[in-house]
Amino acid sequence: MQSLYKKNKVISSTGWISALKIEENMRKRDLVPTYLHLYHYAGNNPITYTDPDGNKIIVIFKYYDERSRRNQHKEFVWDNKNNCFRTKYLRRIVTGETFAKDIADCIIYLKNSEYATSLINAIDKKGKTFIENTQGDSETRYDNFGNAIIYFNESQWLDLKDGKGSKNSTALDLGHEFVHAYEQVVLGTYAKNFHDENVPNGFKNKAEKNAVENTNKMAGELKEAIRFDYETARPQNRNGNSVTDFVNNQ
């Protein structure tokens with residue numbers, strides 16, 4: 001209890017425990033702190049919301065609200081049984097939200113791969129995996145609480161630069177990030193592999209080498225082209241193609 005007290009403090013107005021300097025554990029495009037910390041049950045509001053197991057794939061869509069002139073966000077929780085997103089804590093099915101629909105289409109497509117299905121099922125049952133929209137390249141980060149944070153650009157697919165014009169689907173790119181999420185929330189090895197640079201040329205680190213190899217397993221089952229390394233392939237705007245479209249000239 002003494003060590004817990006040293007790391008945390010009790011907020012007298014709410015009676016809930018909050019991590020000291022929690023903002024230091026997140027990026028500038030941070031997620032909502034009340035959904036990251038282990039001691040914040042159901043966003044510090046267990047009366048209004050419920051979170052029975054605390055383990056979900058959660059989409060966070062961030063946007064600028066012109067009316068309030070403030071940055072806002074919406075949250076959607078993946079219903080793995082019914083293959084849809086719902087408003088937070090499974091209240092109703094999400095409709096009309098483009099980012100959530102694109103991610104749902106990606107996941108449903110990936111489930112045509114037995115290997116991808118096993119990853120999705122595993123990360124949905126253990127820990128939290130956040131998927132947040134970004135205008136930059138897709139990437140996965142981790143926090144100090146065992147969660148994976150996927151910053152995902154759903155407007156891009158992957159140009160493999162294989163000399164044949166092959167391109168991986170947006171969905172398979174999400175599958176690549178799911179491999180990282182699996183390493184973090186299920187195996188707990190992502191942080192270690194992220195800093196391990198003892199790998200062949202063409203791979204940034206061990207985490208990316210593992211991700212490429214395992215994404216190729218999905219690609220084979222989905223009839224998509226495979227990658228030969230990590231650094232050659234580059235994200236590219238999919239220009240009206242769907243999130244499940246791909247080009248395989250291999």
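## Starting on helix α6

Lys206 sits in helix α6; helices here are DSSP runs of H or I with at least four residues, strands are E runs of at least two, and both are numbered from the N terminus. This is a predicted model, where local features need pLDDT of at least 70, side-chain atom pairs count only at pLDDT 80 or more, and totals for chains, interfaces and linings use all residues. Residues are numbered from 1 along each chain as its sequence is written, and side-chain values use heavy atoms, with hydrogens and water left out.

Lys206 is partly exposed, at 33% relative accessible area. For the cut-offs, buried is under 20%, exposed is over 50% and partly exposed is in between, using a 1.4 Å probe and protein chains only. Skipping residues up to four places away in sequence, Lys206 touches Asn193, Asp196 and Val199 (contact means heavy atoms within 4.5 Å). Its C-alpha is 8.7 Å from that of Lys192, with their positions 14 residues apart along the chain.

Ala207 is in helix α6 too, but this residue is buried, with a relative accessible area of 1%. Beyond its neighbours within four places in sequence, Ala207 contacts His180, Glu183, Tyr190, Asn193 and Phe194. Glu197 is 10 residues from Ala207 along the chain, and their C-alpha atoms are 9.0 Å apart.

## The chain as a whole

The protein chain has 6 helices and 11 strands. Of its 250 residues, 47% are buried. Take the contacts with a separation of 6 or more: 59% of them are between residues 24 or more positions apart.

## Nonpolar cores

In soluble globular proteins, nonpolar side chains tend to be buried together. A nonpolar core here is a set of buried Ala, Val, Leu, Ile, Met, Phe, Trp, Tyr and Cys residues joined through side-chain atoms within 4.5 Å. The largest one has 35 residues, and the members that touch the most others are Phe85, Ile103, Leu110, Ile131, Leu174, Phe178 and Met218. At least two residues each come from β3 (56-65), β4 (70-79), α2 (98-110), α3 (114-125), β8 (148-152), α4 and α6 (206-222). Helix α2 gives the largest share, 8 residues.

Ile131 shows what that looks like up close. Leaving out neighbours within four places in sequence, Ile131 is in contact with Ile57, Ile58, Val59, Ile60, Phe99, Ile103, Ile150, Phe152, Leu174 and Phe178. Apart from the largest core lies another, of 6 residues, including Ile58, Ile60, Val77 and Tyr151.

## The largest pocket

Rolling a probe the size of a water molecule over the atoms shows where empty space is left. On a 1 Å grid over the protein atoms alone, a pocket is an open set of points where a 1.4 Å probe fits, with protein on both sides within 12 Å along at least five of seven lines; lining residues have an atom within 4 Å of a point. Grid points are joined across faces, edges and corners, and the volume is the space filled by probe spheres set on them. By that recipe the largest pocket comes to about 350 Å³.

Its lining has 19 residues, with Ser138, Glu139, Glu177, Glu208 and Tyr230 nearest the centre. By class, the lining splits into 6 nonpolar, 4 polar and 9 charged residues, where Ala, Val, Leu, Ile, Met, Phe, Trp, Tyr, Cys and Pro count as nonpolar, Asp, Glu, Lys and Arg as charged, and the others, Gly among them, as polar. β7 (139-142), α4, α5 (190-194) and β11 (234-237) each put in at least two residues, and α4 has the largest share with 4.

## Ser169 and Thr244

Ser169 is in the loop between β10 (167-168) and α4 (170-187), and is buried at 0% relative accessible area. Its side chain makes a polar contact with the side chain of Glu224 at 2.7 Å. Such a contact is a pair of N or O atoms within 3.5 Å; within protein, one must be able to donate a hydrogen and the other to accept it, and residues adjacent in sequence count only if both atoms are side-chain atoms.

Thr244, in the segment after β11, is partly exposed at 27%. Setting aside neighbours within four places in sequence, Thr244 contacts Asp105, Tyr109 and Ser169. Cys106 is 138 residues from Thr244 in sequence, yet 6.6 Å away in space, C-alpha to C-alpha.

## Positive phi

Lys223, in the loop between α6 and β11, is not a glycine but has a positive phi of about 65°. Lys223 is exposed, at 63%. Asn239, in the segment after β11, is another non-glycine with a positive phi, about 45°, and counts as exposed at 65%.
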